[in-house]
Amino acid sequence: MSEQAMAPLKRVEDQLKKCVKCGACRANCPAFSAFGREPAVARGKVTLAQHILCNDIGLDDQTYLAMSKCLLCGSCVDKCPNDVPIDEIVIAAREALARKRGLTTFHSAIAQVIKNRSLLKMGTRMARLLGPLFFKKVPATSGLRLRFPVPFIGNRRHLPHIARKPFMERHPEVIPGETGKPRIIFFVGCMINFVYPEVGEAALALFRHLGCTLIIPKGQQCCGLPGMSGGDLDTVRELAEKNLVEMEQFEADYVMSACATCSGALHRLYPLAIGKRNPELKARLEALAAKTIDASQLLHKLGLNPAETGAGSDIRITYHDPCHLRTRGVTGQPRQLLRAVPGLELAEMESADRCCGLGGTFNVYHYDSSMGINEAKSRAILTTSAQMVATGCPGCMMQLSDGLKRHESSIKVAHTLELLARNLGKVHY
Ligand code: SF4
Ligand code: SF4
């Protein structure tokens, strides 16, 4: 096999050697629970990668299928006694596959859209304008479903509405706060910008309540995670560089995101997947990672008093841990904040830390398995008798809503920040 194609796997060769094949990763792998076969689990993927490096097997259809069966949820990384970085290994294998076989049609299309902000804007505007042609409301007030199947998405999925006006078009680049208070760059992310702007509004309301200066760099791009899912590291690098340039022009204490996936990309995956192979970017990406923080984590650190900001009607809620927060240890902070909101009763669901099944583009290629994984999550939520489920990732919000609608449940899905800002106006709950 060509050296060029094998280079990404060569880079993780030493990491592969750390795996002792103990199988501890099986117990917590959502992909293994869905497919029930060894190539789906971390140990199987390590073995596969080792055989590819020995030229025993090729970068063929079977290998592609096996490597696509991973949600990059990091559960195996958490549990592995030897710290085998499976996310890094799977990303490297996907990159090797993309180099050998080219990007899939889907990932080529994704690359064009995420690299071109105007195309992304135009696409979402068209989707909104032509919405009634393509979508029907299901049920009347809480989501959409395609009227007919379209490539990659089919027509079984419940989709959220697209915002009338993207979040970033509603606000100036700098919103000054009080002297001496933190200066915060808000990395908005595509889902909050185009689909859930109310989450961005809640973030602004909360950090302004604390007197912080908010900076929303106008040139910020997609974090690139959809490209990472498909092994398109060239696109991820391009986006990472653009985001660096955008953010480095401002002096700030923190880079905050209310999207667990985006902050996960900036915090862990940029240094891991881009920094390691681009020495000229390494130090800059590490500096960005050091400043990156989840919104609920930062509110907790800055001493938000939810009794002031979140009071409202009485609601029983439950909380789902997004994988990209759980793997970074952000589990206690959102719960502590939510418990301090007058009127909110937090009922823990079983396995709140279990992946919701979204997994980036995993849910596009393996929709039935993705919803199979989600089924346990939906049942756990329903068992709590909560009226609402809170979480810290817009991707999880979409997936949880889809799962609950399959059960014809009226349980609402909200972002943690929306519940913390109930008292501050301009937010939904
Ligand atoms: S838990 Fe870690 S060391 Fe054990 S089989 Fe899985 S990846 Fe290998
Ligand atoms: S990252 Fe998640 S889905 Fe992928 S192998 Fe590890 S536990 Fe399984």
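## Two ligand shells and a domain contact

Helix H4, residues 42-53, gives the shell around ligand 1 its largest share, three residues. The model is a predicted one, and its protein is divided into four parts, namely domain 1 (3-101), domain 2 (105-159), domain 3 (167-300) and domain 4 (306-420). The points below take up the surroundings of the two ligands, then the contact between domain 1 and domain 4, and lastly the residue Ala49.

**Ligand 1**

- The shell around ligand 1 holds 14 residues, of which Cys19, Cys22, Cys25, Arg43 and Cys80 come nearest to the ligand.
- Sorted by class, the residues of the shell around ligand 1 are ten nonpolar, two polar and two charged.

**Ligand 2**

- Ligand 2 is surrounded by 15 residues, and the closest of these are Cys29, Ala31, Cys70, Cys73 and Cys76.
- Two or more residues of the shell around ligand 2 are given by each of the elements H3, H6 and helix H7, the last of which spans 86-101.
- The class make-up of the shell around ligand 2 is eleven nonpolar residues, three polar residues and one charged residue.

**Contact between domain 1 and domain 4**

- Between domain 1 and domain 4, 13 residues of the former are in contact with twelve residues of the latter, while the C-alpha centres of these two domains lie 28 Å apart.
- On the side of domain 1 that touches domain 4, helix H3 (30-35) and helix H6 (75-79) each supply at least two residues, and the largest share, four residues, comes from H3.
- That side of domain 1, taken by residue class, consists of seven nonpolar, four polar and two charged residues.
- H3 and H6 therefore appear in two settings, as both are among the elements that give two or more residues to the shell around ligand 2 and both supply at least two residues to the side of domain 1 that touches domain 4.

**Ala49 in helix H4**

- Ala49 lies in helix H4, the helix that also provides the largest share of the shell around ligand 1.
- Ala49 counts as buried because 27 other C-beta atoms lie within 10 Å, where the cut-off for a buried residue is 20 or more.
- When its neighbours within four places in sequence are left aside, the residues in contact with Ala49 are Leu9, Leu16, Ile89 and Ala93.
- Ala49 and Gly180 stand 131 residues apart along the chain, and their C-alpha atoms are separated by 51 Å.

Conventions:
Residues numbered from 1 in each chain as written. Chains lettered and ligands numbered in written order. Predicted model: local features only at pLDDT ≥ 70, side-chain atom pairs only at ≥ 80, totals over all residues. Domains from an automatic or database assignment. Contact = placed C-beta atoms within 7 Å. Nonpolar A, V, L, I, M, F, W, Y, C, P; charged D, E, K, R; others polar. Near = placed C-beta within 6 Å. Buried ≥ 20, exposed ≤ 12 C-beta atoms within 10 Å, placed from the backbone.
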